[in-house]
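Please open the model in your viewer and keep the sequence panel visible. The stops below proceed from the whole chain to individual helices and side chains.

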Amino acid sequence: AVEEILQNARNSIATAPATVFSVGQTQPQPAKYTAAHLTALQLLLTRIGEYGLAERVQRHALDLEVERAGGDNDVAVVECMHFLMVILKEKKNYAGTEEVCRRLIAARTAVFGADHIDTAKTQDKLAEILYRQYNYEAAETAYYEALQAKEAILGSEHESTLNTMDQLVDVLRAQEKFEDANGMLQVSLETREKILGATHPS
C-alpha cells in the first residue's frame, strides 16, 4: 500500500500540482482533496524518509490553505506552515527553514499573540536554525527574545525556560562572551538545584 501511495504521489506531482493522490489510480485525478488530506500524506512520506516529495506535498497544502484564508493569519495556515518548517529542518535546508520560521512567527503572533507559548517556541526554533548557520549574533538576539517570552509565559523556573537559557549559553560561548555565558549558566544551575535538588543528574 505504501509503494502504491508513493508511486501515485510521484505521478500526480510530476504531472500537475493540483491533483490528488489515491491508491489504485494510475492517472492523476482532478483536485478534490483538502489540505488536511495532503498533510496526512506528507506525514506518511516523512515517516518513510521521502522528504523531497513530502516537502512538495506540504507546500501544495499550504498554498491551498493560504488561498482559502486569503493570507497567512489563519489557524490552519499556521499548522501547514509548521509542518513545512519541520520537513525543511529534517532536510537540513536551514536557509529554507529560517524563511518559513520567520513567516510562522509573524503568523502565530497575528493569530495567537506574541505572548502565546507556541509563538515563543517558534522563536526558539528560529534561534536554533540561526545557530546552525553560524549566525551567532542573530541567534543570540532570537534566544534572548524567546527567553524573555518564556519567562513571562511559563516562569523563570520552568524546564523549557531553563533549556532556552542553556542554549543561549552555547551561543554566547561561540562568540567568546565567556563572562555573560558563565553568568547565565550559573543562574541556570542555581535554579535547577533549587527545583530538583543538588544531587539530581541535571
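**The whole chain**

Begin with a cartoon view of the entire protein, in which nine helices and two strands make up the secondary structure. Followed along the sequence, these elements occur in the pattern α-β-β-α-α-α-α-α-α-α-α. The model is predicted, and colouring by pLDDT is therefore a sensible preliminary, because pLDDT is the predictor's confidence in each residue. The average over the protein is 86, and 81% of the residues score at least 70. Confidence is highest in H5, at 98, and lowest in strand E1 (residues 19–20), at a mean of 42. Select residues 14–32 next: the pLDDT of this stretch is below 50, although it has 39 contacts in the model beyond near neighbours in sequence. Where pLDDT is low, the predicted coordinates should not be read in detail.

Now switch on the surface. The accessible surface of the protein comes to about 10,800 Å², and 50% of that area belongs to carbon and sulfur atoms. Of the 202 residues, 40% count as buried. Among contacts between residues at least 6 apart in sequence, 48% join residues at least 24 apart.

**Helix H4**

Select residues 75–90, which form helix H4. Does the length of this helix agree or disagree with 1.5 Å a residue? Its 16 residues should span 22 Å, and the end C-alpha atoms are 23 Å apart, which agrees. At the N-terminal end, display aspartate 74, which caps the helix: a side-chain oxygen lies 2.9 Å from the backbone nitrogen of alanine 76. Beyond H4, select lysine 92, whose phi is positive, near 60°.

Show the side chains of H4 next. The buried residues are Val77, Val78, Cys80, Met81, Phe83, Leu84, Met85, Ile87 and Leu88. To see what covers them, add helices H2 (35–47), H3 (51–69), H5 (94–111) and H6 (117–132), which are included in that cover.

**Threonine 164 in helix H8**

Move to helix H8, residues 159–174, and select threonine 164 within it. Threonine 164 has a relative accessible area of 0% and is therefore buried. Which residues does threonine 164 touch, not counting those up to four places away in sequence? They are Asp124, Tyr143, Ala146, Leu147 and Lys150. With lysine 150 there is also a polar contact of 2.9 Å between the two side chains.

**Helix H9**

Continue to H9, whose 19 residues should span 27 Å at 1.5 Å a residue; the end C-alpha atoms are 26 Å apart, which agrees. In H9, the buried residues are Ala181, Met184, Ser188, Thr191 and Arg192. Turn the view to look down the axis of H9: these buried residues fall within an arc of 100°, so they line one face of the helix. Glu179 and Lys194 are exposed on the other side. Add helix H7 (136–153) and H8 to the display, as both are included in what covers the buried residues of H9.

**Leucine 185**

Finish with leucine 185, which is found in helix H9 (residues 178–196). Is leucine 185 buried or partly exposed? Its relative accessibility is 24%, so this residue counts as partly exposed, since buried means under 20%. Leaving aside residues up to four places away in sequence, leucine 185 touches Val169 and Arg173. Lastly, place a distance label from leucine 185 to leucine 168: the two are 17 residues apart in sequence, and their C-alpha atoms are 9.1 Å apart in space.

Definitions and conventions:
Residues numbered from 1 in each chain as written. Predicted model: local features only at pLDDT ≥ 70, side-chain atom pairs only at ≥ 80, totals over all residues. Heavy atoms only, no water. Helix = DSSP H or I, 4+ residues; strand = E, 2+ residues; numbered from the N terminus. Buried < 20%, exposed > 50% of the residue type's maximum accessible area, 1.4 Å probe, protein only. Contact = heavy atoms within 4.5 Å. Areas by Shrake-Rupley, 256 points an atom, 1.4 Å probe, with all protein chains shown as cover. Polar contact = N/O pair within 3.5 Å; in protein donor to acceptor, adjacent residues only side chain to side chain. Expected span 1.5 Å × (residues − 1). Arc of directions from axis to C-beta. pLDDT = per-residue confidence, 0-100.
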